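Morning, everyone. One structure today, and a few minutes of your time. Let me put it up.

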Amino acid sequence: MAIRVTKKCFLLSTLGVLVVAAALTVTLVLVLRDDEEISETYRFAASSIEVRLEEQPDHRYVLSIHRGDDRVQRITFDHDFTDDSDIETFPKGMRLYGNGHSVEIREVEDSAGFAYLSISRTLRKGQIGSDVLHLHDTFGAEQTPLHWYGGPELMEQYYPIEKLRFDDYPYITKELHSAAIIERYWLSTAGVFFYVDKEVPLFIDQNDQVLRFTAKKELPYYTYDDEFVFNYRIGVAADAREAHQKAVERVLNQPVDIPDERMVRQPIWSTWVRYRRPISQQTVLDFAREINAYGFKNAQLDIDDLWEVCYGSLTFNTITFPNVTEMTETLREMGFRVTLWVHPFINKNCDPWYTEALSKGYLVKSHNETIGYNTKWWNSGENEASYINFNNPDAVEWYRRRLRELQELGIDNFKFDAGETSWAPADPDIEGPTALLPSSQTVNFVRMCAAFGGMIEVRTGWGTQDLPVFVRMLDFDTRWGWNNGLLSLIPTLLQMNLNGYPFVLPDMIGGNVYGDDILTKELFIRWLEASVFMPSIQFSKTPWDIDEESITISKKFAQLHETYSDYIIQRMRLAVSHGTPVNPPIWWLDPTDKIAQTIYDEYLLGEDIVVAPVLAEFATTRDIYLPKGTWRDGNTNRVHEGGRWIYNYTAPMDTLPYFVSATFQLN
């Protein structure tokens, strides 16, 4: 039975406090204050979580979440509900309405140690919904400050993510320098997670105090619906680890299988940094011979940009690649598998393929007739290319068939580049549920790619954590520091894992050497060391391009990676069965450790290896924080107790600091 309470009821009350039992598991408390502001409490009986809704003097309402005596989160409904706002209660929640908005707070789940609720409303076109998460609240008797994880994967990644800044930022998959993975998931050290539903036309703002979720029907979203939803869910658990595991079960997919094991065990080699474009059959064969001659193993050799007749033809240039079948057979005899760099674009000068795609409706078209099918990517001029419409099943099959024809030439599989939504023309006029546009283009592209099996790689995702494929980091610049350099490598690894993507393919050792960037020997070696305990290693710039010592050190760390590859694969299988990260942050072992919560330059492999690479130029020592546990130094065998710092750990250029759990046995 629903109970309706109005402010008029409050004014008639002389008690000041009214208690109403709505159901056995729910208690609603209504408090009359002198200024006639309302306070309400909804109690989750099994989890002992409380949510309190309090009116503010400016007619806004704050929802605060309490675990015992601790307030663990506040959310402000940033809307003027005016004096005529009202509250309606029902057995599983309450409804706040007024001034054109109706917000429903509903219990979804209540179990021992976990409360799960939804915040939802339906808005009309022209309305805006805006809720504010208070990032820098404190909780607990010690008034511990909150830290945050999740959010978008950015090229200039920071960790924890409260350091990020956004201004009216549309939350769709974007091209370089933006977000390739845009899971609508945020996790705090208080054990609270937020997940915004995919149907919400979401924009975010973030500063050093708040993260604002705004729902509004504006571009780049589909703007032609009369109504839209603003729904998100909140999970509250004992700590961040428990909350994340609950989120994996309820809102984040977990992979159904692991990707190709050889890509884990042996290095991937790419032509990109060493040769750029164009490349040739002879270049590829010479590269393979060098790799073997210097005694390195391989998972595969990737033929990168530019091998096509023209961009989008998916047809080898017979001048530079006169006999592809002969090339692939030779490479196979040399012990190489072969992958091919491909992309979702067709340049307008690439006929007859462009004309065919245009005539058959296989390209993304804008609602704006002035834009039409026009787009631009890094290998075209302005308005000189189009984007294949992967929301069109016929276009998907056309693209897939052409890739299979390449496989008939001996190409084993593909490196799929791009795929983000924003490469397409703005305001796309394409198929699919309108509430999921435009980012459904990314989903359909990535799922098409994954149909080629576990040997592929992609670089973008949205709700595609279930796919058993490697997801590559966005292109890194060849530099030290945060600005998309080496210091951003580990935060990106942690970010992807905590968004549910555990099969991370780091970018090429040393970055992409764009522009005036210079890859020094030191940067190359430190980059390799930082990558050793990640799921895969990818070379393009080669050690023998540097010197003999670089060859020796590179072999050493490639072998160390291979030595632990069985354990990496074991952790990948646990990601499939239990949804656990392959490379978690070090707080994973003790989510209450306030120091570990902010460590951005160390990571775990599983729960048995702490990795603390040197990431600063000219440094030969570093301070290392060991998390909870007993740890054996991988270099000296010395045993250390965790929960403390090791200061000035000596690590010359050929040394990677890492620590193995004292109970760990390498099979």
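Here is a question to start: are H11 and H12 roughly parallel or roughly antiparallel to each other? Keep in mind that this is a predicted model.

Let's work it out. Two packed helices are described by the angle between their axes and the distance between the axes. Helix H11 covers residues 521-531, and helix H12 covers residues 548-563. They pack at an angle of about 5 degrees. Their axes lie 10 Å apart. Angles under 35 degrees count as roughly parallel. So the answer is that H11 and H12 are roughly parallel to each other.

Who makes the contact? From H11, we have Lys521, Phe524, Ile525, Leu528 and Glu529. From H12, the partners are Glu549, Ser550, Ile553, Ser554 and Phe557. By character, the residues of this contact of H11 with H12 split into 5 nonpolar, 2 polar and 3 charged.

Next, the cysteines. How many disulfides does a search of the whole structure find? The search gives 1 disulfide. Cys310 and Cys350 form it, with their sulfur atoms 2.0 Å apart. This pair links distant parts of the chain, 40 residues apart. Cys310 sits in the loop between strand S23 (300-303) and helix H6 (324-333). Cys350 sits in the loop between strand S25 (345-347) and helix H7 (353-359). Which hand does the disulfide have? The torsion about the S-S bond of Cys310 and Cys350 is about 75 degrees, so the disulfide is right-handed. Both Cys310 and Cys350 are buried.

Now Cys449. Why no bond there? The closest cysteine sulfur is in Cys350, and the sulfur of Cys449 is 19 Å from it, which is too far for a bond. Cys449 is buried as well, because its relative accessible area is 0%, and the cut-off for buried is under 20%.

Back to helix H7 for one residue, Glu356. Glu356 has a relative accessible area of 24%, so Glu356 is partly exposed. What does Glu356 touch, leaving aside its neighbours within four places in sequence? Glu356 is in contact with Trp398 and Arg401.

Last, the annotation. An unreviewed UniProt entry places the feature "domain: Glycoside hydrolase family 31 TIM barrel" at residues 271-568. Over residues 271-568, the chain is 34% helix and 9% strand. The end C-alpha atoms of that stretch are 26 Å apart.

That's my set. Over to you.

Definitions and conventions. Residues are numbered from 1 along each chain as its sequence is written. This is a predicted model: local features need pLDDT of at least 70, side-chain atom pairs count only at pLDDT 80 or more; totals for chains, interfaces and linings use all residues. Side-chain values use heavy atoms; hydrogens and water are left out. A disulfide is a pair of cysteine sulfur atoms within 2.5 Å. Helices (H or I, at least four residues) and strands (E, at least two) are DSSP runs, numbered from the N terminus. Buried means under 20% relative accessible area, exposed over 50%, partly exposed in between (1.4 Å probe, protein chains only). Axes are lines fitted to C-alpha atoms, for helices over the stretch in contact, and angles run from 0 to 180 degrees between N-to-C directions. Angles under 35 degrees count as roughly parallel, over 145 as roughly antiparallel, 65 to 115 as roughly perpendicular and the rest as oblique. Contact means heavy atoms within 4.5 Å. Ala, Val, Leu, Ile, Met, Phe, Trp, Tyr, Cys and Pro count as nonpolar, Asp, Glu, Lys and Arg as charged, and the others, Gly among them, as polar. UniProt positions are given in the numbering used here, feature names are shortened, and annotations may be inferred rather than shown by experiment.
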